[in-house]
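User: I'm new to reading protein models and would like a close look at one part, with some help on what the words mean. Could you walk me through it slowly?

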Amino acid sequence: MKLDLANPAWQQTLPPARSLATDAPVAACAFSRDGNTVAFALGDGQVRQMPADIKAPIPDATPALHSGVVMALIGDPVGDGFVSGGDDGRVLRVALDGTATELLVQKGKWVEHLAAHRNGAVAAGVGRTMFAIKDGEVREFGPHQSTVAGLDFSKDGGRVACAHYDGITVWSIGQVVLPPRRFAWRGSHVALKWSTDGKFIATGTQENDIHVWRVAQATDMRMQGYPAKVKSLSWTADARFLYTSSQPVFTAWPFAGKGPEGKPPLQFGDEGAGLMTVVAAHPTAEFVAGGYDSGELQLGDIKTKRSVVLKMADSSAITCLAWAPDGFRLAVGNDRGDLLVIDLRR
Amino acid sequence: MANPQSSAQVPVTVLTGYLGAGKTTLLNRILSEQHGKKYAVIVNEFGELGVDNDLVVNADEEVFEMNNGCICCTVRGDLIRIIEGLMKRKDKFDGILVETTGLADPGPVAQTFFTDDDVKARTRLDAIVTVIDAKHFFGQLEQGSEAEQQVAFADVILLNKTDLVSADELKKVEDKIRGINRYAHIFRTQKSQIELDAILDKGAFDLGRILEFEPDFLHSGHDHNHGDEVASLSISADRPVDPDKFQKWMGALLQIKGPDIFRSKGILAIDGAPRRYVYQGVHMMMDSDWGSPWKDGEARSSKLVFIGRNLDGDNLKRGFEDCLK
């Protein structure tokens, strides 16, 4: 595939895009499994869907599905719709027509984290507990010592890792019941991503560093020097790099070969956009997208170290990014309620 | 003003007090009165509040110890998460109220507002309000350190249930409170009846309003040595402060004595500076900034206040005097 990162026109005008202004902060965005639909999780309870094709008309808003904030949103692993979680304690399967069916309800709790695996399983972090939902069956894992602050599936879908205070817990969610594995590191872990090759689990901590465990060996490493807590982590498709937010430029730790110990991260890109709030590695190629607290958006290519800051109209802090499965489109949401889909085909 | 952003930040009021002191009564009053304001309330137990028009969030008081080796650097991670979640709502709030459990140490909740950048950007700690049961206060002091700590941390104290004690008993309770914390505003109440203006949006943690909030702040206090008991003391000076020496001294002091010092604040006349230098600390965590300018001809005096355990007044005084020009 080709993304024209050297295209000088992008510094003057945004690539072909479609935007919609709402008045509720966007907590998350996602593409459907087939890539045909994109959805945004809004702070007024709506899951706002629209065709991924930026030339197709935007359908009317559908009624709010959650009573408060839609806190988490993913593509449905068993359909072409979405799965959402809200601060009303509900996990919903959302169809393309905007109707929803309830997968889980935990009254008085917030559903803050969702992850899915292509085998059809969904994991939900609800308070101190992780729920694994598959084929209509809901199973409960926990409680952990504190609220689950991030979760992710292993590559094979058989395990789920949960971040909490003083470390992470890895649960086997298959039919064979195995004891959970604990990986300890003191402090509050606030984000978690399992590497795309299954070998590493990375967390961001409240104290401005990241922590990475080698799952098989149970050894760990710590990377410091961030000016803010790292809330966004993204592994490249080939698992060679881990991108981290909370720096002015793209920051990628190298995990090929002997790993990142004793090496500085690769850093590239324009420093002028502010502090990166969200980072999303491209699903197939060596590109990356970064959203900033200033509302700017930067695209980069780790091979050439080239990057471009896209010319955004008046914006506000980027809160979420999502690549379409084919990597040609990028969805962007910000804390003011702007919903954007950018078409990056040459 | 020290912080130009403060008007955009949602004020957070922390409500502490022993079980049965009247916190829930106060919260119910705040939420049911016609004041035209919208509050989010973070509580520990659902169901006690009988309101449905405001947002009530359940919290588990999840405290974590920071990884920096400091035993008093404890933070409410759940509060960081909940505030981030509240800020994602389309509907905004005029204020957030955080109720702590009866046995909670107010330290972690206060320190949360010194720790997290996102929380600092969107909210500001306004004041710690402690509700005290006049009838049971002395008994609660004997049961553990919590009741004493809750008084030590307070900016505002509601001395509640005054109708259940004699004037004599009430005076004893008030004297005891003053012995612990001379700098809090005390309001005598029955059934938690209080004008909300007296406790909400006070700016007690606003560096620019330290003077405004505490009228007695610049009156010199005498030093007490209370041994193990929690006490408060102030130190003043008329000679200008050397900022480098002060930084070093205060840094070392909080490093060693941080666990014992619950609250500290100060207004400093820095040598040659046209404005006041103000700071505010909870245990080892501290914020500081330039405050309002000195007026022409105004006496430039400095003042420090400490509330804590094992405070050695003479030693603190000597340490501060070494920082003067």
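Analyst: Let's begin with a bit of vocabulary. A residue is called buried when its relative accessible area is under 20%, exposed when that value is over 50%, and partly exposed in between. Keep in mind that this is a predicted model.

Now try those words on a lysine. K191(B) has a relative accessible area of 60%, so it counts as exposed. You'll find K191(B) in the loop between strand 9 (185-188) and helix 8 (210-213) of chain B. Its backbone has a quirk too: K191(B) shows a positive phi of about 50° although it isn't a glycine.

Chain B has another lysine to look at, K161(B), with a positive phi of about 60°, and it is not a glycine either. K161(B) sits in the loop between strand 8 (156-160) and helix 7 (167-180) of chain B. Its relative accessibility is 23%, so K161(B) is partly exposed.

Let's go from those loops to the rest of chain B. It's built with 10 helices and 14 strands, and 58% of its 325 residues are buried. Take the contacts in chain B between residues at least 6 apart in sequence: 74% of them join residues at least 24 apart.

Helix 10 (residues 313-321) of chain B is a nice place to see burial at work. G313(B), L316(B), G319(B) and F320(B) are buried there. If you look down the axis of helix 10 of chain B, these buried residues fall within an arc of 130°, so they line one face of the helix. And what covers them? The cover includes strand 10 (230-237), helix 9 (243-257), strand 11 (261-268) and strand 14 (302-309), which also belong to chain B.

Finally, here's how chain B meets its partner. In this interface, 28 residues of chain A are in contact with 30 residues of chain B. W110(A), Y165(A) and R186(A) supply 26% of the area that chain A buries against chain B, more than any other three residues. The total area buried between the two chains is about 2,300 Å², with carbon and sulfur atoms giving 49% of it.

Charges turn up here as well: the interface of chain A and chain B has 10 salt bridges. One of them pairs R128(A) with D60(B), where the closest N and O atoms are 3.6 Å apart. On the side of chain A that touches chain B, strand 15 (residues 181-194) of chain A gives the most, with four residues. By class, that side of chain A has 10 nonpolar, eight polar and 10 charged residues.

Note on methods
Residues are numbered from 1 along each chain as its sequence is written. Chains are lettered from A and ligands numbered from 1 in the order in which they are written. This is a predicted model: local features need pLDDT of at least 70, side-chain atom pairs count only at pLDDT 80 or more; totals for chains, interfaces and linings use all residues. Side-chain values use heavy atoms; hydrogens and water are left out. Contact means heavy atoms within 4.5 Å. Buried area is the accessible area (1.4 Å probe) that two parts lose on being put together, summed over both. A salt bridge is a side-chain nitrogen of Lys or Arg within 4 Å of a carboxyl oxygen of Asp or Glu. Helices (H or I, at least four residues) and strands (E, at least two) are DSSP runs, numbered from the N terminus. Ala, Val, Leu, Ile, Met, Phe, Trp, Tyr, Cys and Pro count as nonpolar, Asp, Glu, Lys and Arg as charged, and the others, Gly among them, as polar. Buried means under 20% relative accessible area, exposed over 50%, partly exposed in between (1.4 Å probe, protein chains only). The arc is that of the directions from the helix axis to the C-beta atoms.
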